[in-house]
Amino acid sequence: MLTRQQLARACRGAPTAPRAPPRPSRRRAVVVAAVEHDPEGLFKGLAPKTGIIERRLMMKQMETADSEFKKVLNMAGDEDRKVQLMRRESRKPPEDHHELIEYFLNTQADDMEFEVARCRPALTAEFFKTLDALLGAERFAAKPDEDRLAELDTLRQYLEEGAEAVDKAVAANVSAVERMKALLSAADKKAKIRDMAAANEIDAPLMDLLQQNIDAARAAGQEAPAEFMEKATGPLPGRWRGVVTKSRRGAGAPAMVTIALLLAGLTGLAAAQAGAEAGAAACAVRLKAWDQCGGKSGCAAAGAGGCGDAPWAGRCCPAGAACVRNNEYYYNCQPGSGTAGGSGTAPAGQPAATPPAAPAPAPAPGPPVAARRRANGEYDYGQVLNLSMMFYEAQRSGKLPRGNRIPWRGDSGLNHRAADGRDVTGGWYDAGDNVKFNLPMAWSAAVLAWGVVEFEAGYKSAGALDAALANVRWAADYFVKCVGNGSSVVVQVGNGAADHAVWGRPEDVAGPVPVYEVTPSAPGSDAVGAMAAALAAASEAFRRSDPAYSAKLLASARTAYTFASTHLGSYSDAVPDAAAFYRSSNFYDDLAYAAAWLALRTGEPGFKGSDLVTFTPRGLAYSGPWGSLRHAGNAAFLMKAYARADAVDCAVRDTLGYMLGDGGRSFVVGYGTNPPTRPHHRASSCPALGLPCSWDAFNSPGPNPHTLYGALVGGPGPADDYVDARGDFIKNEVATDYNAGFSGALAAAAQGLRCGTARRGAVGRRMLA
């Protein structure tokens, strides 16, 4: 099986610069002592005795032996290359997509770059759909082959990156040929090469073309031009000399570069190098692609230059990238961008952006998982429950675990720190954005843990218990960090207004983001109380499987509850940014919820509650336009948690049936018949990691490139009206709290429903009414 490291090495795409020749040795002659014991005949009977002549004779023989050994190594290397060439020529790529996938899986790591280049025309969107279908079938099999799944997953990522690298290399070669043609036809070649250097057009492909001219001249017997061109590369400025590659393409090379051209070119290159060195002096810090390069956030990073709504002075993006304004808070170095900072100029010393390379094929979204049915005709609720667990994994922030199942997500938010410096990485991004809102996250985690406590058997029967506990742990670990010692509590990471002004993936947010805390003088009983409830519920979920961890969570829950109940106040008053997104009407319900969970965990009595709803024409329990399915899922879960009756089971069956496709469409992404394909979700709407993501992805009419398996969308309006539109954040956004009660209801249904043969909708409607 190919390792990710092997594939990554094979897929870098850029040619490796040759090492500079070793400097002549200046070591003094080694004084070798007399050698009498030589059982292996290393000195062939010529071991030195005494005197300088004997020692030098021995050294001469050793140098001869070393030269012969090098010849043997070179011959062996040539033989290996011949064997590799024969192996490559003997293999014929198949045309069938399934056979081509197996062909790649059976390819040696050092041949993968060659095979991707050879098979690039076959790596179409249809091919990637076939590969994604195999991935989906393996991932959701009853007993998935983990090795096979890892191979396919690694291959998928490699082929996508490899196709992009091949396309860039082809575009670079075409560009180099055009630049060489323009150079050869220029009336003033000296001025032309100076202009090319100033425009950063002297690069590896162009220098490689120069080497091809050298090879072509030598192959044609024109030694004088070849020797001159080879010597001419020596005095080139170091910036370009190191990128010359020793190609051996021979007869197929373009026309030779003339001596006059090279003489004129060296003058222009020297001038360009001087300009580049002057520009480098103006750069205090050289950034990498996608690093933050300006904006109001990140004042500490900007240093003395300040951090207004502009690029930061002294910060330079790499060649081929420009500092682009996303909003007043955040600028970053975007490869292939035409202007910098929204003003059309780059920061001091920053080279102009180059035109973008030919785009790699857009990732094909994974196919929907076909809905399975039980023998009694009911949905296989455990199948959907497993997908719902994957949605929570797709929302993770922080350093992702080794077993990450979401290939299009990477590490993010690794610089999240509270004012006192403590680590607050981890947790979940709230919905389709990249902010960690602790109030809804805490509610989601508490309900998810509640579902595990209440319907553990259902999670076990679905094979989803480990995934559920891992998701609960991911959120609980984050809350423990946020609570800390209770002197101040983090309640939000990221600015909602700034985040919503940008359409991009969380992996691309390179600069620091605001971290909001509540304190005794600016309290937040609602958010901290909700976190106390989540921690206590998680403690109960881990009580038997991990007692030590359960005790740790309980201690943190007590700390949070003490803070929330002692320092009363609404968190949205302390954090104005939160008021525009999750304003809390009061904090007493959150304190009561926390008290109930602490009472359950410590043996004290709890409490219960109830609600009333209306119905859509097709029978959905409807309580409001924003996230209507969220409320219906919560109601189904609460009924199962508090009541044991056949009528309740029928209501749960009808509610889940509506969500999963009884009305002709599924509302779960990646599942069943006609599921949503354009959820309002940034990361899944962006192209592959490393490629730019902007509002173009938001405005794209096509489906999201990545399938957000298991995510429950907001749902229909009061007349069952629904359109699968990315721009509709009321009906088509996803969120962690949408899936919370839904997952609990699925676990309850997977554990078993006692609805008998009652007609769908009839009993459930009466029960909910």
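Me: Is D420 buried or exposed?
Reply: Bear in mind that this is a predicted model, where local features need pLDDT of at least 70 and side-chain atom pairs count only at pLDDT 80 or more, while totals for chains, interfaces and linings use all residues. Residues are numbered from 1 along each chain as its sequence is written, and side-chain values use heavy atoms, with hydrogens and water left out. Buried means under 20% relative accessible area, exposed over 50%, and partly exposed in between (1.4 Å probe, protein chains only). D420 has 52% relative accessibility, so the label is exposed.

Me: Which residue does the side chain of D420 meet in a salt bridge?
Reply: A salt bridge here is a side-chain nitrogen of Lys or Arg within 4 Å of a carboxyl oxygen of Asp or Glu. The partner of D420 sits 2.7 Å away, N to O. That partner is buried, at 16% relative accessible area. The residue is R422.

Me: How many residues apart in sequence are the parts that D423 and K481 tie together?
Reply: D423 and K481 form a salt bridge, with the closest N and O atoms 3.3 Å apart. D423 counts as partly exposed at 31%, and K481 is partly exposed too, at 27%. Helices are DSSP runs of H or I with at least four residues, strands are E runs of at least two, and both are numbered from the N terminus. D423 lies in the loop between α13 (381-394) and β6 and K481 in helix α16, so the separation in sequence is 58 residues.

Me: How many salt bridges does the structure hold?
Reply: Beyond the pairs above, R505 and D508 meet at 2.6 Å, N to O, and both of these residues are buried. There's also a network in which R91, E115 and R118 are joined by salt bridges that share partners. The count for the structure is 26.

Me: Which helix gives the largest share of the largest nonpolar core?
Reply: A nonpolar core is a set of buried Ala, Val, Leu, Ile, Met, Phe, Trp, Tyr and Cys residues joined through side-chain atoms within 4.5 Å. The largest one has 113 residues, and those with the most contacts inside it are M389, Y459, F479, L656 and F742. The largest share, 13 residues, comes from residues 465-483, which is helix α16.

Me: How many residues does the second, separate core have?
Reply: Back in the largest core, F742 is one of the residues with the most contacts. Contact means heavy atoms within 4.5 Å, and F742 touches residues including V384, L656 and L712, not counting those up to four places away in sequence. The second core is separate and includes L105, F127, L152 and L155, and its size is 21 residues.

Me: Which residue stands opposite V489?
Reply: V489 is in strand β7 (residues 489-493), where five of five residues are buried. Two strands pair if DSSP finds at least two bridges between them, and β7 pairs in the antiparallel sense with β8 (residues 515-518) over four bridges. Strand β6 (residues 436-437) also runs antiparallel to β7, joined by two bridges. Opposite V489, in β8, stands V518.

Me: What is the torsion about the S-S bond of C686 and C693?
Reply: A disulfide is a pair of cysteine sulfur atoms within 2.5 Å, and a search of the whole structure finds one. The sulfur atoms of C686 and C693 are 2.0 Å apart, and both cysteines are buried. The disulfide is left-handed because the torsion is about -70°.
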